[in-house]
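User: I'd like to learn how to read a few features in this model. Can you walk me through them?
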Amino acid sequence: MNYQHILIAQKDYFNSNITKDLDWRIQQLKQIKQLVLDNEAEILAALYSDLKKPAQEAWVTELSYITLDVDHVLKHLKKWSKPRKVWTPLIVLPGKSYIQPEPQGSVLIMGAWNYPLQLVLAPLVAVVSAGNCAVLKPSELAPAVSSLLAKLIPQYLDNKAFSVVEGAVAETTALLELPFDHIMYTGNGMVARIVMSAAAKHLTQVTLELGGKSPVFVDESAHIDITAQRLAWGKWMNAGQTCIAPDYILTSAAMVEPLVTALKKQIKAMFTIDPSSSDSYGRIVNSRHTERLSQYLDSGEIVHGGAFDIDNRYFEPTIIVNPAMDSTLMSEEIFGAIFPIITVDDYQGAKDIVIGREKPLASYIFTRDKAQQQDWVKSIGSGSQCINDVIMFNAVPDLPFGGSGPSGMGQYSGKIGFENFSHLKSVLHRPFLKDLAVRFAPYSNFKFKLLRKIR
Ligand code: NAD
């Protein structure tokens with residue numbers, strides 16, 4: 001298994017400067033949008049086959065996410081890619097200085113299975129906007145979307161600049177041996193370490209979009225019904241398999257009962273009393289992950305749900321109160337339909353728990369207390385945050401997306417995505433006019449004094 005020929009051909013094409021042309025980038029971005037628009041039915045069917053994604057959910061989180069992303073980038077790309085003038089000091093006058101964003105070359109994009117279309121195409125939008133070539137490696141755990149992308153990408157995009165390689169560990173390992181100019185990986189921390197060591201061999205830049213346990217603190221001042229509705233939506237969308245889903249809730253003992261009641265009401269309203277037959281509720285990606293989740297069930301008191309069906313990859317929306325903090329449920333990222341609630345004495349108690357753990361991809365607080373809101377933003381390090389909501393920061397195209405520390409490195413979405421896959425090259429442009437003598441040897445006291453004055 002050797003993909004070297006793909007990379008060599010892409011590098012040749014890149015060096016022809018075609019991908020640096022703004023019109024080419026705009027045309028390729030429009031083609032990404034067209035791919036999604038023309039093939040909506042087939043894409044929805046593939047997402048249904050892989051994850052039983054309800055059409056509306058799939059459209060919002062995958063298809064229209066991409067088309068809106070393209071629209072946003074197209075609106076600003078001309079401005080982002082222009083040379084950016086900076087101040088030129090006296091010592092280099094006459095002259096002009098500017099930053100010229102330039103593409104990096106060929107980017108390897110490795111997608112994850114939970115949003116299998118979005119997690120390949122959204123990075124691609126950023127990669128194309130910056131003028132790069134790319135090799136796309138969709139996740140093998142979402143096989144329907146993977147083979148659909150392998151079919152559609154060559155039909156819509158410039159084949160000299162973009163290729164799809166399907167496969168699992170062996171194929172990815174072979175790709176990782178190649179000297180890409182940037183690797184964009186979305187997935188878990190264990191594989192991220194493999195990616196980073198492979199990248200180190202060639203000093204390749206990496207963007208790592210990882211996960212973690214994203215906490216929620218619910219204060220007694222929160223509006224209980226609105227809080228429960230937003231939490232239930234964020235937790236059980238895609239059956240809990242969202243990297244920025246709220247992982248667990250921290251709240252006072254007095255809030256547990258009203259919060260559980262409100263969450264149960266929302267589960268019923270969203271997915272009926274039998275979510276297994278609801279068209280609005282998805283499935284776990286495979287039976288291995290369904291079984292993994294089932295092993296979390298004895299970590300604490302189940303106050304709602306707990307039913308699962310390994311063969312049919314079904315896992316009921318489940319709430320567990322006060323699991324042991326050293327249980328696997330509370331030490332691993334859940335990435336599924338279980339919502340633990342842990343009681344804390346107060347806000348400070350919640351903060352201590354969150355600060356004592358690894359930096360998460362997102363952190364959420366529901367409170368009317370302004371001091372708490374400000375303190376949460378100041379004290380809690382995480383990739384992103386919402387006050388009084390979950391996940392929705394991701395609907396704002398100018399907010400960068402990405403983790404920090406163990407939840408990832410590098411960010412994309414909008415301008416930051418353009419910059420992430422660009423090199424911001426410094427350029428100083430000077431005419432052939434005589435320079436100030438002070439710059440050159442032989443040095444003297446006079447020159448030294450003058451230099452100190454003009455700098
Ligand atoms: P996954 O199993 O689909 O793996 C992701 C990619 O890694 C795939 O392309 C796969 O082929 C490749 N891969 C797997 N094992 C490999 C190996 N040994 N060597 C080389 N490549 C290998 O996805 P996953 O890791 O199960 O995804 C779930 C994780 O991803 C969760 O932690 C979740 O939070 C995180 N996630 C993060 C984001 C984000 O944007 N930050 C988005 C989605 C998921």
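User: Let's start with one side chain. Is Lys137 buried or exposed?

Analyst: A word of caution before that: this is a predicted model. Burial is judged by relative accessible area, and under 20% counts as buried. Lys137 comes in at 3%, so Lys137 is buried.

User: Which residue does Lys137 form a salt bridge with?

Analyst: For a salt bridge, look for a side-chain nitrogen of Lys or Arg within 4 Å of a carboxyl oxygen of Asp or Glu. Lys137 has Glu140 as a partner, and their closest N and O atoms are 3.1 Å apart. Glu140 is partly exposed, at 33% relative accessible area, whereas Lys137 is buried.

User: How many salt bridges does the whole structure have?

Analyst: The search turns up 12. One of them joins Lys53 and Glu62, with 2.7 Å from N to O. Here both partners are out of reach of the probe by the same cut-off: Lys53 is buried at 2%, and Glu62 is buried at 0%.

User: What about Arg439 and Asp435, how far apart are N and O there?

Analyst: That salt bridge has 3.7 Å from N to O. Arg439 is partly exposed, with a relative accessible area of 41%, and Asp435 is partly exposed too, at 28%. Don't stop at the pair, though: Arg430, Asp435 and Arg439 are linked in a network of salt bridges.

User: On to helices. Which residues of H1 are buried?

Analyst: Start with the helix itself. H1 covers residues 4-15, which is 12 residues, and spans 17 Å from its first C-alpha to its last, close to the expected 16 Å. Its buried residues are Ile6, Leu7, Gln10, Tyr13 and Phe14. They lie on the same side of H1, because they cover an arc of only 125° around the axis.

User: And which exposed residues sit on the face turned away from the buried side of H1?

Analyst: That face carries His5, Asp12 and Asn15, which are exposed.

User: What do the buried residues of H1 pack against?

Analyst: Five elements: helix H2 (22-38), and the strands E2 (96-103), E3 (106-110), E4 (133-137) and E5 (162-164). As for what follows the helix, check Asn17, whose phi is positive, near 75°.

User: Now sheets. E2 came up just now; in what order do the strands of its sheet stand?

Analyst: To read a sheet, get the strand order, then the pairing sense, then the edges. This one is an open sheet of 3 strands, E1-E2-E18, with antiparallel pairing. E1 (84-86) and E18 (422-429) are at the edges with a single partner strand each, so one side of each has no neighbour in the sheet. Neighbouring strands are turned by 30° against each other on average, direction ignored.

User: How many bridges pair E1 with E2?

Analyst: There are 3, in the antiparallel sense. For a concrete pair, Arg84 has Ile99 in E2 as its bridge partner.

User: What is the strand order in the sheet of 7 strands?

Analyst: Same recipe. The order is E10-E13-E14-E9-E8-E15-E16, the sheet is open and the pairing is mixed. Its edge strands are E10 (301-304) and E16 (384-387), each pairing on one side only. On average, neighbouring strands are turned by 25° against each other, direction ignored.

User: Which strands run parallel there?

Analyst: Among them are E13 (residues 318-321) and E14 (residues 338-343), joined by 4 bridges. In that pair, Val321 stands opposite Ile341. E8 and E9 are also parallel, again with 4 bridges, and Pro215 has Tyr248 in E9 as its bridge partner.

User: Which residues of E9 are buried on each side?

Analyst: First the general idea: in a regular strand, side chains alternate between the two faces of the sheet. In E9, Tyr248 and Leu250 are on one side, Ile249 and Thr251 on the other, and all are buried, so both faces are covered.

User: Which helix lies across E9, and at what angle?

Analyst: Helix H10 (residues 253-271) runs at about 140° to E9 (248-251), and also lies across E8 (215-218), E10, E13 and E14. Helix H13 (residues 347-355) packs on the sheet as well, touching E8, E9 and E15 (362-366), with its direction at about 145° to that of E9.

Conventions: Residues numbered from 1 in each chain as written. Predicted model: local features only at pLDDT ≥ 70, side-chain atom pairs only at ≥ 80, totals over all residues. Heavy atoms only, no water. Helix = DSSP H or I, 4+ residues; strand = E, 2+ residues; numbered from the N terminus. Expected span 1.5 Å × (residues − 1). Buried < 20%, exposed > 50% of the residue type's maximum accessible area, 1.4 Å probe, protein only. Arc of directions from axis to C-beta. Contact = heavy atoms within 4.5 Å. Pairing = 2+ DSSP bridges. Axes fitted to C-alpha atoms, helices over the stretch in contact; angles between N-to-C directions.
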